[in-house]
Amino acid sequence: MCIPNQFNARIQKLKATNRCFLCTNRGHVQKNCFRKEKYCCSKCRKKHHVSICRTPTNEQSTTTSTNKTNTSICNFVYLQTARVFITGSNGITKLTRCLLDGGSQSSFISSDLVETLNLPVISTRTLDLQAYESPTSFSHKRRQVQFQLSSIWDKSKVNVIAFESSNKYASHPSSPTDVSRFAKSKRMKLADPDDSLSSLPIEIRIGAYFCWNVMHSDAPVKLSDSLALVPSSFGWILSGSRSHATVSFNTTDHSINVDTLTHELDNMVRNFWNLGSIGIQPIQEKLRLSTTTLNF
């Protein structure tokens with residue numbers, strides 16, 4: 001993009017040297033340019049040369065399709081949930097759901113799971129509990145159990161130590177249908193897929209200490225400004241908020257607009273500006289460009 005002073009200076013220089021605003025050659029104006037049917041600005045696609053374009057410059061030479069969302073109302077926050085297998089010391093394996101909570105200092109597991117799977121108790125500790133913005137706290141002795149969680153997709157396993165809890169977690173939806181379709185098209189395995197088992201209750205809460213053993217350092221896949229798929233040992237985890245958003249994607253992966261003649265003209269005009277700006281009047285020098293020759 002030209003800043004105002006540069007733009008005006010370039011316009012005046014083209015006028016003073018009787019050059020076309022489209023091809024920058026001498027002897028004719030833009031409306032009479034024989035190239036006007038073929039060439040346009042590579043930034044804004046209008047009928048002028050790119051060197052006098054007011055459109056902001058895009059840092060990338062390629063335009064890559066992005067995952068688009070159409071937003072309206074009804075905000076909803078997707079917590080980081082995953083479907084996992086948990087196996088007890090008695091050999092019983094159960095399919096359940098867990099919540100990854102990087103803001104929690106401790107991990108918790110349902111007392112029902114502890115009893116059903118006969119999970120080994122490794123200690124009994126006093127746990128201090130205080131709700132957010134609550135002026136009071138209370139202490140309670142809780143058993144700590146150890147168990148292993150496995151991915152539903154592969155053999156990835158994570159060891160966890162958690163306090164037992166008799167509290168029940170509120171129901172929370174799994175990945176919505178549009179996100180599931182998107183993931184399927186990209187061959188991404190969702191940690192909490194949308195299928196007949198998506199209504200399983202959340203029985204495990206993984207706190208910060210073990211949470212980062214589950215999460216991967218790979219870059220997340222951004223679905224919108226506030227919604228992303230995050231890689232983990234259990235699969236891709238949906239995280240963030242949406243406003244009744246629908247995830248879609250373009251079929252075109254990459255498109256590159258290259259106009260060879262315009263590109264070469266850019267180099268010629270760049271030389272033109274540089275020579276003019278430092279006051280050099282060179283001896284007649286010919287620069288060849290396809291069928292045209294521009295003399296400085």
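This report walks through the cysteines, empty spaces, aromatic pairs, strands and helices of one predicted model.

## Ground rules

Since the model is predicted, local features need pLDDT of at least 70 and side-chain atom pairs count only at pLDDT 80 or more, while totals for chains, interfaces and linings use all residues. Residues are numbered from 1 along each chain as its sequence is written, and side-chain values use heavy atoms, with hydrogens and water left out.

## Cysteines

How many disulfides does a search of the whole structure find? Zero, taking a disulfide as a pair of cysteine sulfur atoms within 2.5 Å. For C33, the nearest cysteine sulfur belongs to C23 and sits 3.8 Å away, and C33 is in no disulfide.

Is C33 buried or exposed? With a relative accessible area of 2%, C33 is buried. The cut-offs are under 20% relative accessible area for buried, over 50% for exposed, and partly exposed in between, using a 1.4 Å probe and protein chains only. C53 is buried too, at 1%.

## Cavities and pockets

The void search runs on a 1 Å grid over the protein atoms alone: a cavity is a set of points where a 1.4 Å probe fits but cannot get out, a pocket is an open set with protein on both sides within 12 Å along at least five of seven lines, and lining residues have an atom within 4 Å of a point. Grid points are joined across faces, edges and corners, and a volume is the space filled by probe spheres set on the points. The structure has two cavities of 30 Å³ or more. The second largest cavity holds about 50 Å³ of space, and its lining includes Y78, T81, P173, S174 and D192. By class, that lining has five nonpolar, three polar and one charged residues. Here Ala, Val, Leu, Ile, Met, Phe, Trp, Tyr, Cys and Pro count as nonpolar, Asp, Glu, Lys and Arg as charged, and the others, Gly among them, as polar.

As for pockets, the second largest has a volume of about 430 Å³. Which of its 15 lining residues lie nearest its centre? They are S104, F108, L127, L129 and R205. Strand β7 (residues 121-129) gives the largest share of the lining, with three residues. Strands (E, at least two residues) and helices (H or I, at least four) are DSSP runs, numbered from the N terminus. This pocket lining has five nonpolar, seven polar and three charged residues.

## Aromatic pairs

The whole structure gives three aromatic pairs. Rings of Phe, Tyr and Trp (its six-membered ring) pair if their centres lie within 6.5 Å, and planes under 30 degrees apart count as stacked, over 60 as edge-to-face and the rest as tilted. F76 and Y78 make an edge-to-face pair, 4.8 Å centre to centre with 75° between the planes. F76 is partly exposed at 31% relative accessible area, whereas Y78 is buried at 11%.

The F108 and F163 pair is tilted because the planes stand at 35°, with ring centres 6.2 Å apart. This pair links distant parts of the chain, 55 residues apart: F108 is in strand β6 (residues 108-110) and F163 in strand β9 (residues 157-165). F108 is buried at 11% relative accessible area, and F163 counts as buried at 5%.

## Strand β4 and its partners

Five of the seven residues in strand β4 (residues 81-87) are buried. Two strands pair if DSSP finds at least two bridges between them. Strand β4 runs antiparallel to strand β5 (residues 93-100), joined by seven bridges, and V84 has T96 as its bridge partner in β5. The hairpin of β4 and β5 has five residues between the strands, and G91 there takes a positive phi near 85°.

β4 also pairs with strand β8 (residues 138-151), antiparallel again, over four bridges. Opposite F85 in that pairing stands S150 of β8.

## Helices and a loop

In α3, the buried residues include D178, V179 and F182. Just after α3, R187 takes a positive phi of about 60°. L197 sits in the loop between α3 (177-185) and β10 (202-206) and is partly exposed at 37% relative accessible area. L197 and S174 are 23 residues apart in sequence, with their C-alpha atoms 9.4 Å apart.

W212 lies in helix α4 (residues 208-214) and counts as exposed at 58% relative accessibility. The C-alpha atoms of W212 and L100 are separated by 9.2 Å, with their positions 112 residues apart along the chain.
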